[in-house]
Amino acid sequence: MPKNSKVVKRDLDDEVIESVKDLLSNEDSSDDAFKKSELMVDDPEEKDVDVEEGSDVEDERPAWNSKLQYILAQVGFSVGLGNVWRFPYLCQKNGGGAYLVPYLILLLIIGIPLFFLELAVGQRIRRGSIGVWNYISPKLGGIGFASCVVCFFVALYYNVIIGWSLFYFSQSFQHPLPWDQCPLVKNASHTFVEPECEKSSATTYYWYREALNISSSLSESGGLNWKMTICLLAAWVMVCLAMIKGIQSSGKIMYFSSLFPYVVLLCFLIRGLLLNGSVDGIRHMFTPKLEIMLEPKVWREAATQVFFALGLGFGGVIAFSSYNKRDNNCHFDAVLVSFINFFTSVLATLVVFAVLGFKANIINEKCVTQNSEKILKLLKMGNLSQDMIPHHINFSSITAEDYNLVYDIIQKVKEEQFDSLGLKSCQIEDELDKAVQGTGLAFIAFTEAMTHFPASPFWSVMFFLMLVNLGLGSMFGTIEGIITPIVDTFKVRKEILTVICCLVAFFIGLIFVQRSGNYFVTMFDDYSATLPLLIVVILENIAVIRIYGIDKFMEDLKDMLGFSPSQYYYYMWKYVSPFVLLCLLVASIVQMGLSPPGYNAWIEDTAMEEFHSYPTWGMIVCISLMVLAILPVPIVFMVRRCNLIDDSSGSLASVSYKRGRIIKEPVNLEGDNTSLIHGKSPSEVPSPNFGKNIYRKQTGSPTLDTAPNGRYGIGYLMADMPDMPESDL
């Protein structure tokens with residue numbers, strides 16, 4: 001027997017109970033056939049199972065057609081709308097190019113290590129999030145259920161954003177674009193510009209009034225917006241059709257949905273760089289403000305962006321990796337996908353600020369023209385002296401530099417009277433400092449810039465098609481984070497579950513396509529995911545490192561990868577990542593407590609946003625979202641800790657294990673001390689590795705291997721058998 005074997009020969013009446021992992025560790029290192037044999041525990045009424053020696057039989061789990069398809073799926077899930085409309089905003093807000101430094105540091109500290117951890121556990125155990133955390137620690141099995149709940153909440157409103165993009169996409173096949181000019185209103189006497197539009201802008205008016213037809217408060221429902229209802233239905237139909245066959249259908253679609261956004265971003269970057277003022281935007285973007293890096297808020301926002309950019313805690317990463325072969329190099333995948341995500345964010349930032357620089361120049365030119373006309377009027381009225389104006393200034397074709405020269409002269413001469421003149425400085429930097437994020441960037445700022453593009457409908461079609469693809473890639477991973485764990489755990493048909501899930505989500509999602517729906521999107525975005533996901537990932541880290549064991553996990557990685565991972569990950573997982581996550585959780589709670597809970601409501605009369613606090617029922621909904629998302633964790637813990645569910649009844653099976661062959665016999669467990677393996681039927685205990693549930697034996701357990709949740713796990717009673725040589729064990 002191997003020197004490190006844990007099996008000790010005993011008499012027939014001496015019982016030795018080992019876990020599945022311990023038994024497998026006792027194999028003869030030179031016995032390749034044993035390594036490739038597989039343990040299966042089936043119902044007693046089924047036929048005997050015979051696994052041929054040397055076979056590589058696994059449960060009938062789908063697999064990716066190629067490594068490229070898998071990488072594209074992970075990239076599609078991690079690269080989403082946040083890369084386009086969240087990262088550029090944070091970069092501009094938190095020090096420009098200097099923001100990349102804390103982002104990269106936190107990507108290396110928490111991003112890549114935790115992404116690697118989720119990839120590894122999914123690939124090792126080959127189950128969705130529920131099965132993975134049930135296997136590692138049944139008491140913490142609620143982690144998987146919590147991930148599913150969060151995925152469902154996020155899917156509800158994330159698909160609404162895809163619906164918005166579909167609406168704008170459908171409206172882009174017009175010239176001029178419908179949001180190019182403010183609409184005209186006719187009455188009996190004359191025609192005039194719509195007042196709400198005139199007070200804001202054409203794109204702002206179109207977004208709030210034509211697209212959303214938004215109400216003035218959360219409490220004012222206003223009924224369903226039928227245009228957005230149809231778009232939401234179309235979005236859910238697309239997701240359902242893509243996901244109904246699992247990775248066999250969604251995997252093929254990934255080739256388009258994951259790669260097309262890069263084509264569009266590159267086209268936009270090339271086009272953007274040819275526009276007047278684009279360089280000003282990029283220069284403003286990457287001018288580092290190093291002093292801002294010292295603020296804790298910058299690091300908190302960078303950590304949050306890293307956390308959500310990679311999709312940690314959703315279960316989608318685990319679900320996708322569970323369809324891999326066990327010897328796949330998931331470390332390479334983790335590093336590759338993480339840096340693809342980062343460079344995508346940088347690419348999107350270049351595109352956004354090239355376009356915003358172009359838009360800022362156009363606005364600045366209008367500002368210069370309007371204020372030059374004001375100066376001419378003031379000169380005619382005698383409020384300003386002609387002597388103030390340099391002789392080379394020509395107001396009919398004045399440049400921004402000349403206007404700034406005149407502005408500075410007038411400001412110095414007039415001093416106290418200057419404010420009453422109503423002149424503006426017209427600085428490009430001032431316009432670029434008004435950076436927006438989220439829907440404001442995509443549906444207002446970007447759409448306004450595209451109206452000035454040559455062939456603007458073409459660019460609008462490309463842009464919103466890109467948003468649809470980015471959203472769908474993330475939706476596939478989010479829905480997979482719901483479907484895969486439930487299918488693995490409850491053995492339901494994936495097609496039926498997918499249709500039911502999409503139907504239920506569509507009908508619940510109708511609250512987001514009311515006239516007040518945009519306010520509910522804000523509510524869900526702020527409260528349904530942030531804190532619950534942080535808690536989920538902290539518990540994931542604890543479950544793997546503390547309960548399963550960091551040393552055992554590193555051995556598993558060595559067995560899977562064929563090499564020992566760097567000790568860097570050992571220290572990150574054990575010390576640094578948990579500490580950083582806890583700090584981020586505390587900072588997020590403090591930030592949530594300091595920020596007044598509320599939303600920005602659109603007021604029609606003033607054509608401006610106005611902050612409103614949530615009503616009492618709105619606060620109850622916000623709190624309920626957070627509680628419901630994390631509630632499965634304590635419920636499952638208490639149920640399994642207190643044995644509240646008695647499932648000890650049911651048929652048990654005994655399986656005699658010999659080299660390369662499994663022979664199953666129904667037995668009565670009581671009084672049978674000669675059986676090698678005791679297990680439950682597959683309908684009662686699903687396994688993470690072998691198609692049925694297997695629990696690791698804990699130190700000091702009684703004679704029968706009782707799983708932490710009170711169920712009978714699969715224990716091993718090894719005896720010295722004369723007819724079985726040691727090498728067969």
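The exercises below, each with a worked solution, concern a predicted model of one protein chain.

**Exercise 1. Overall architecture**

Determine how many helices and strands the protein chain has, and what share of its residues counts as buried.

Solution. Begin with the secondary structure: the chain contains 27 helices and nine strands. Turn next to burial: of the 729 residues, 57% count as buried. Finally, consider the contacts in the chain with a separation of 6 or more: residues 24 or more positions apart account for 78% of these.

**Exercise 2. A salt bridge between distant parts of the chain**

Identify the residue with which lysine 67 forms a salt bridge, and classify each partner as buried, partly exposed or exposed.

Solution. The structure holds five salt bridges. In one of them, lysine 67 is paired with aspartate 333, and the closest N and O atoms are 3.1 Å apart. The next step is to place the partners: lysine 67 belongs to helix H3 (residues 67-78) and aspartate 333 to helix H16 (residues 330-381), so that the pair links distant parts of the chain, 266 residues apart. For the classification, buried means under 20% relative accessible area and exposed means over 50%. Lysine 67, with a relative accessible area of 35%, is therefore partly exposed. Aspartate 333 has a relative accessible area of 1% and is therefore buried.

**Exercise 3. Two further salt bridges**

Describe the salt bridge of glutamate 196 with arginine 209 and that of arginine 493 with glutamate 495, giving the accessibility class of each residue.

Solution. Take the pair glutamate 196 and arginine 209: their side chains meet with an N to O distance of 3.0 Å. Glutamate 196 is part of helix H9 (residues 195-199), whereas arginine 209 is part of helix H10 (residues 202-211); the pair therefore ties together parts that are 13 residues apart in sequence. Both of these residues are buried.

Now take arginine 493 and glutamate 495, whose side chains form a salt bridge at 3.7 Å, N to O. Arginine 493 is exposed, at a relative accessible area of 55%. Glutamate 495 is partly exposed, at 24%.

**Exercise 4. The annotated binding site**

Establish where the residues that UniProt lists for "binding site" lie with respect to one another, and examine glycine 76 and leucine 470 among them.

Solution. The UniProt record, an unreviewed entry, lists Gly76, Val79, Asn83, Asn341, Leu470 and Ser474 under this heading. These positions span 399 residues in sequence, but no two of their C-alpha atoms are more than 12.5 Å apart; they therefore gather at one spot.

Consider glycine 76, which is found in helix H3. Its relative accessibility is 5%, so it counts as buried. Beyond its neighbours within four places in sequence, glycine 76 is in contact with Ser258, Leu470, Gly473 and Ser474.

Consider next leucine 470, in helix H21 (residues 456-490). Leucine 470 is likewise buried, with a relative accessible area of 4%. Residues up to four places away in sequence aside, leucine 470 touches Gly76, Val79, Gly80, Leu81, Val84, Tyr158 and Pro261.

**Exercise 5. A buried asparagine and helix H14**

Locate asparagine 94, find the residue to which a polar contact joins its side chain, and characterise helix H14.

Solution. Asparagine 94 sits in the loop between helix H5 (87-93) and helix H6 (100-125). It is buried, with a relative accessible area of 0%. A polar contact of 2.8 Å joins its side chain to that of glutamate 301. Glutamate 301 is among the buried residues of H14.

For helix H14 (residues 296-309), the expected span of its 14 residues is 20 Å, and the end C-alpha atoms are 20 Å apart, in agreement. Ten of the 14 residues are buried, so the helix is largely enclosed by the rest of the structure. Glycine 311, which follows H14, has a positive phi near 70°.

**Exercise 6. The span of helix H24**

Compare the end-to-end distance of helix H24 with that of a straight helix, and locate the kink.

Solution. A straight helix of 32 residues would span 46 Å at 1.5 Å a residue, but H24 (residues 530-561) spans only 33 Å between its end C-alpha atoms. Inspection of H24 places a kink of about 100° centred on glycine 549. As for burial, 23 of the 32 residues are buried, so H24 is largely enclosed by the rest of the structure. Glycine 562 follows H24, with a positive phi near 90°.

Conventions: Residues numbered from 1 in each chain as written. Predicted model: local features only at pLDDT ≥ 70, side-chain atom pairs only at ≥ 80, totals over all residues. Heavy atoms only, no water. Salt bridge = Lys/Arg side-chain N within 4 Å of Asp/Glu carboxyl O. Helix = DSSP H or I, 4+ residues; strand = E, 2+ residues; numbered from the N terminus. Buried < 20%, exposed > 50% of the residue type's maximum accessible area, 1.4 Å probe, protein only. UniProt positions renumbered as here; feature names shortened; annotations may be inferred. Contact = heavy atoms within 4.5 Å. Polar contact = N/O pair within 3.5 Å; in protein donor to acceptor, adjacent residues only side chain to side chain. Expected span 1.5 Å × (residues − 1). Bend = angle between axes of the 7 residues up to and from the residue.
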